[in-house]
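Colleague: I would like to learn how to read a structure like this one, feature by feature. Could we start with the way helices cross each other?

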Amino acid sequence: MLFALSYLGDSLCVWWLSGFVPWFLLPDFPFLAIVFSGLFVPGIAGFLCALPPALFREITTSAPSWTMFLGSMALYFASREIGRRFLLRSEPSLLAAVVSLLAAESFSVVLLLSLSGARPFSFLWGAQEAVRIAWTSLIAVPLFLDLSVRWRRVKE
Amino acid sequence: MRSFFRNWWRLFVAVAFLVAAIQVFVRPSTALERTEPVRAAGVVLFRPFYSAADFLRGGLSGVWNRYVALVGVSRENERLRREVTELRERLHETRDAVLENRRLKELLSYSETVERRTLGARVVGHDISPWFRAIFLGTGSEAGIETGMSVVTPYGAVGRIHKVHPGLSEVLLVTDGRFAADVMVERSRVRAIAEGIGGNFCRLKYVSPTHDVAVGDRIVFSGFDGSMPKGILLGTVVSVDRPKESLFQKVKVQCVVNFQDVEEVLVILSRPSVPFRAVKD
């Protein structure tokens with residue numbers, strides 16, 4: 001299910017909707033799949049679930065080779081740690097976890113690009129990025145709650 | 001100590017992955033080129049989807065253009081549009097040639113910087129990440145596309161090929177923060193470095209306050225750095241700021257191509273040669 005979510009979500013956004021829907025309204029489905037597998041799927045199963053979305057992000061993002069894949073794996077382990085340390089059953093805590101992970105990822109890429117001399121960021125970009133983070137997080141909450149209930153049922 | 005590591009090993013692994021990602025970002029390793037088949041396999045996984053999306057998109061617009069919106073008018077329009085495009089390209093070339101003649105550059109008898117062997121390619125997707133500006137073409141290495149080749153439309157520059165896979169190429173747009181190329185002001189021949197700043201804009205770096213740059217000036221690629229063919233239009237200057245305390249002017253350029261709307265592009269299959277630079281045998 002996570003594989004389908006990340007594959008179809010990423011495909012729809014990159015190959016279909018990207019021509020006419022602005023980037024900040026397109027949620028990062030592989031990101032959501034990676035974070036979900038980190039937060040809710042323990043053990044090797046979670047790691048295996050996170051691998052395909054990480055590869056999808058690597059292919060559909062124009063970063064230097066393998067950067068997005070390695071970054072996504074770091075994201076998986078960070079969300080795994082959050083999932084173990086905090087009880088993420090309520091909407092606000094889930095929202096806070098996803099927002100902080102999205103913001104941390106965005107901040108680190110911006111910092112890297114700025115340090116390398118590129119400055120493709122403006123105030124408008126910041127506002128758009130805030131919309132993207134808010135939008136993706138708001139999608140994440142009901143999606144994660146629904147998927148976690150299903151995952152629990154599968155385990156039972 | 002052991003229990004501490006046992007408790008926090010995931011965090012350490014996350015940090016290790018992050019450090020590795022930063023290292024690869026800052027200094028891409030040649031060893032990673034060996035893992036390209038894995039990426040290529042991943043691209044193959046996406047091929048049915050983007051082929052289907054492209055087919056549906058083409059089919060839907062084809063049905064609309066040819067049957068719904070009057071058959072004759074649509075064809076006539078298409079023919080006229082093609083003619084306008086060709087004429088526009090010829091006009092660009094002529095304008096540049098006239099300026100060259102004025103400056104008596106024909107005395108230097110150096111060969112054309114661009115060998116215009118091009119390949120038409122369809123845009124099949126856009127990079128939707130907030131940090132990078134790129135588009136994907138539905139043609140890849142099998143058509144002879146290589147990394148570094150220039151991508152243009154008859155209106156102006158689009159970008160450079162960044163990565164190539166079988167059946168898919170990635171184009172780094174001129175508005176991406178990592179794009180930089182040698183350009184010049186068409187009117188005054190002032191040279192500068194154009195760098196992407198996102199949106200649909202670039203900025204010109206290292207323009208001295210004494211240099212003649214004005215709003216509305218057309219910016220073309222100089223071809224000196226061999227990254228883009230000479231004379232290709234980048235855009236027009238939309239603002240010039242001359243801060244008193246700065247060594248350089250702040251020049252903002254609006255790109256002539258709207259990258260959100262571009263559907264077909266031309267890939268220049270031969271890489272531009274660098275003038276005045278001797279070829280080593």
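Modeller: Two packed helices are described by the angle between their axes and the distance between the axes. In this predicted model, α3(A) passes α4(A) in a right-handed crossing, and the axes of the two helices, of which α3(A) covers residues 43–60, cross at roughly 145° and come within 8 Å.

Colleague: Which residues of α3(A) and α4(A) meet in that crossing?

Modeller: On the side of α3(A) they are G46(A), A50(A), A54(A), L55(A), R57(A) and E58(A), and these meet M68(A), F69(A), S72(A), M73(A), Y76(A) and R80(A) in α4(A). Many residues of α3(A) are also buried, among them C49(A), P52(A), P53(A) and F56(A).

Colleague: At what angle do α2(A) and α4(A) pack, and how far apart are their axes?

Modeller: Helix α2 of chain A, residues 29–40, packs with α4(A) at an angle of about 35°, and their axes are 7 Å apart. This crossing of α2(A) and α4(A) is right-handed, and the residues that meet in it include I34(A), V35(A) and G38(A) from α2(A), with L75(A), S79(A), I82(A) and G83(A) among those from α4(A).

Colleague: Is G83(A) buried or exposed?

Modeller: To judge this we count neighbours, and the cut-off for a buried residue is 20 or more other C-beta atoms within 10 Å. G83(A) counts as buried because it has 21 C-beta neighbours inside 10 Å. G83(A) belongs to helix α4 of chain A, and its C-alpha atom is separated by 6.8 Å from that of G38(A), although the two residues are 45 residues apart along the chain. The helix as a whole is mostly covered, with 17 of the 19 residues of α4(A) buried.

Colleague: How can I check the length of a helix, and what should α4(A) span?

Modeller: One compares the expected span with the distance between the end C-alpha atoms. For α4(A), 19 residues at 1.5 Å a residue should span 27 Å, and the end C-alpha atoms are 27 Å apart, so the two agree. The 18 residues of α3(A) reach 27 Å from the first C-alpha to the last, which is close to the 26 Å expected.

Colleague: And what does the check give for helix α1 of chain B?

Modeller: Helix α1 of chain B, residues 2–26, has 25 residues and should therefore span 36 Å at 1.5 Å a residue, while its end C-alpha atoms are 33 Å apart, which agrees. It is still worth following the axis along the helix, where α1(B) bends by about 65° at W8(B).

Colleague: Against which helices do the buried residues of α1(B) pack?

Modeller: They pack against α4 (67–85) and α5 (91–115) of chain A, and the buried residues of α1(B) are A14(B), F17(B), L18(B), A21(B), V24(B) and F25(B).

Colleague: How many residues does each chain bring to the contact?

Modeller: Chain B brings 39 residues and chain A brings 42 residues. On the side of chain B that touches chain A, α1, α2 (36–68), β1 and β5 (168–173) each supply at least two residues, and α1(B) gives the most, with 11 residues.

Colleague: Let us turn to strands. How many helices and strands are there in chain B?

Modeller: Chain B has 3 helices and 12 strands. Strands of a sheet pair through backbone hydrogen bonds, either parallel or antiparallel. In chain B, 6 strands close into a barrel in the order β1-β2-β5-β4-β3-β12, with antiparallel pairing, and neighbouring strands of this sheet are turned by 45° against each other on average, direction ignored. As a detail of this barrel, β1(B) and β2(B) pair over 3 bridges, and G125(B) stands opposite F136(B) in β2(B).

Colleague: In what order do the strands of the barrel that contains β6(B) run?

Modeller: That closed barrel of 6 strands runs β6-β7-β8-β11-β10-β9 in chain B, and the pairing is antiparallel. Within it, 5 bridges join β6(B) to β7(B), residues 191–196, and V183(B) has A192(B) as its bridge partner. The two strands form a hairpin with 5 residues between them, in whose turn R189(B) has a positive phi of about 60°. The hairpin of β7(B) and β8(B) has 4 residues between the strands, and there G198(B) takes a positive phi near 85°.

Technical notes:
Residues are numbered from 1 along each chain as its sequence is written. Chains are lettered from A and ligands numbered from 1 in the order in which they are written. This is a predicted model: local features need pLDDT of at least 70, side-chain atom pairs count only at pLDDT 80 or more; totals for chains, interfaces and linings use all residues. The expected span of a helix is 1.5 Å times one less than its number of residues. The bend at a residue is the angle between axes fitted to the seven residues ending there and the seven starting there. A residue is buried if 20 or more other C-beta atoms lie within 10 Å of its own, exposed if 12 or fewer, and partly exposed in between; C-beta atoms are placed from the backbone. Two residues are in contact if their C-beta atoms, placed from the backbone, lie within 7 Å. Two strands pair if DSSP finds at least two bridges between them. Axes are lines fitted to C-alpha atoms, for helices over the stretch in contact, and angles run from 0 to 180 degrees between N-to-C directions. A crossing is left-handed if the near helix is turned anticlockwise from the far one by less than a right angle, and right-handed if clockwise.
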